[in-house]
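Trainee: Please take one part of this model, the stretch at the far end of the second chain, and go over it closely. I would like to know where it sits, what surrounds it, and how the rest of the structure is laid out around it.

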Amino acid sequence: MFERFTKRARAVVGGAFEVAEGAGAADVRPEHLLTAILRDEDCLATRVLSDLGADPASTRADLERRGSRYLDGLDDEDAEALATIGIDLDAVVRRVGDEGRSRRRRPKISRASKKALELALREAVALRHNYIGTEHLLLGLVRGGDKVVLDTLAAVEITPAGLRAAVADAVRRAS
Amino acid sequence: MTTESDLATAASASDPRVGLRAVRALRRLLEELERVQVRRARQRGWSWAEIGEVLEVSRQAVHKKHGRD
């Protein structure tokens, strides 16, 4: 599958490992892939997101904020629910995370991220493209349904359907 | 003075929906913490039996649950 990735898309996947490592995460999660996409501000995916109103820098910051709260799979709603019984999820994550950082290994790709990469391939096939670019990665991430990714995009009012339409449009214009 | 957390506590005391949601979140947190700590113990060379002993479950149960992580 990787041989069909464009140079840029490959760089994004590599970048996601760096993002995860920098965050002290054990897994490369979908949000790390999205952050890596947004670091390449000239790629098609990031240009589409910018056009839809997601500023690359502030979206990266938002991803980091939401992601740091996740011990894989806990979200804002969980944090609120835990607060009602006196548990500060951020504090828990901080304490657990700090110790984890002292013995860091190279993160491995999470199941959800693997799934997103597979979906990227399917998106490319559906669009009859013989390569996988950052735009397909983005669509794959959204289709994968990761909550951090979707919540972050929803915060700037980007819906999966709107994004798909915008990507299809951008691809048509680029070709 | 009424703080946000007072309000939250009052709400959780009266509304079972909020209370149940907290239980669900706590369960998720528990699962995640267990996963993180088991992985950490394995990285430090603990055996499944040692981990099971602390968690008060069988070696087989821990391995079955976390062996693939």
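**A charged patch and its setting**

Mentor: Arg68(B) belongs to the segment that follows helix H4 (59-66) of chain B, where helices (H or I, at least four residues) and strands (E, at least two) are DSSP runs numbered from the N terminus. The structure is a predicted model, in which local features need pLDDT of at least 70 and side-chain atom pairs count only at pLDDT 80 or more, while totals for chains, interfaces and linings use all residues. Residues are numbered from 1 along each chain as its sequence is written, chains are lettered from A and ligands numbered from 1 in the order in which they are written, and side-chain values use heavy atoms, with hydrogens and water left out.

With a relative accessible area of 74%, Arg68(B) is exposed; buried means under 20% relative accessible area, exposed over 50%, and partly exposed in between, with a 1.4 Å probe and protein chains only. On the surface, Arg68(B) gathers with Lys108(A), Arg111(A) and Lys114(A) in a patch of positive charge. Such patches are made of residues with over 30% relative accessible area and no salt bridge, like charges being joined within 9 Å and nonpolar side chains (Val, Leu, Ile, Met, Phe, Trp, Tyr) within 5 Å. Lys and Arg count as positive and Asp and Glu as negative, with His and the chain ends not counted, and the place of a charge is taken as NZ of Lys, CZ of Arg, CG of Asp or CD of Glu.

Chain B, which carries Arg68(B), has four helices and zero strands, and its elements run α-α-α-α from the N terminus on. Buried residues account for 26% of its 69 residues, and the chain exposes about 5000 Å², of which carbon and sulfur atoms supply 55%; accessible areas come from the Shrake-Rupley method with a 1.4 Å probe, and for residues only the protein chains shown count as cover. Its mean pLDDT (the predictor's confidence in each residue, from 0 to 100) is 84, with 80% of the residues at 70 or more. That confidence is lowest, as a mean, in helix H1 (residues 4-14) of chain B, at 60, and highest in helix H3 (residues 48-55) of chain B, at 96. For the model as a whole, the scores are ipTM 0.72 and pTM 0.66.

On the side of chain A, 10 helices and two strands make up the secondary structure, and 47% of its 175 residues count as buried. Ser110(A) occupies the loop between strand E2 (108-109) and helix H7 (111-126) of chain A, and it counts as buried because its relative accessibility is 10%. The C-alpha of Ser110(A) is 5.5 Å from that of Val28(A), although 82 residues separate them in sequence. Within helix H7 of chain A, Leu117(A) is buried at a relative accessible area of 4%, and its C-alpha stands 9.2 Å from that of Val13(A), 104 residues away in sequence.

The two chains are also joined by a pair of opposite charges: Arg39(B) forms a salt bridge with Asp27(A), the closest N and O atoms being 3.7 Å apart. Arg39(B) lies in helix H2 (residues 16-43) of chain B and Asp27(A) in strand E1 (residues 27-28) of chain A, so this pair joins two chains. Both partners are buried. A salt bridge is a side-chain nitrogen of Lys or Arg within 4 Å of a carboxyl oxygen of Asp or Glu, and the structure holds 16 of them over all chains.

Within chain A, Asp40(A) pairs with Arg8(A) in another salt bridge, the closest N and O atoms being 2.6 Å apart. This pair links distant parts of the chain, since Asp40(A) is in the loop between helix H2 (30-39) and helix H3 (44-51) of chain A and Arg8(A) is in helix H1 (residues 7-22) of chain A, 32 residues apart. Arg8(A) counts as partly exposed, at 39% relative accessibility.

Two further residues stand out by their backbone. Glu56(B), in the loop between H3 and H4 of chain B, has a positive phi of about 60 degrees although it is not a glycine, and it is exposed at a relative accessible area of 73%. Arg128(A), in the loop between H7 and helix H8 (134-144) of chain A, likewise has a positive phi of about 60 degrees without being a glycine, and it counts as exposed at 79% relative accessibility.
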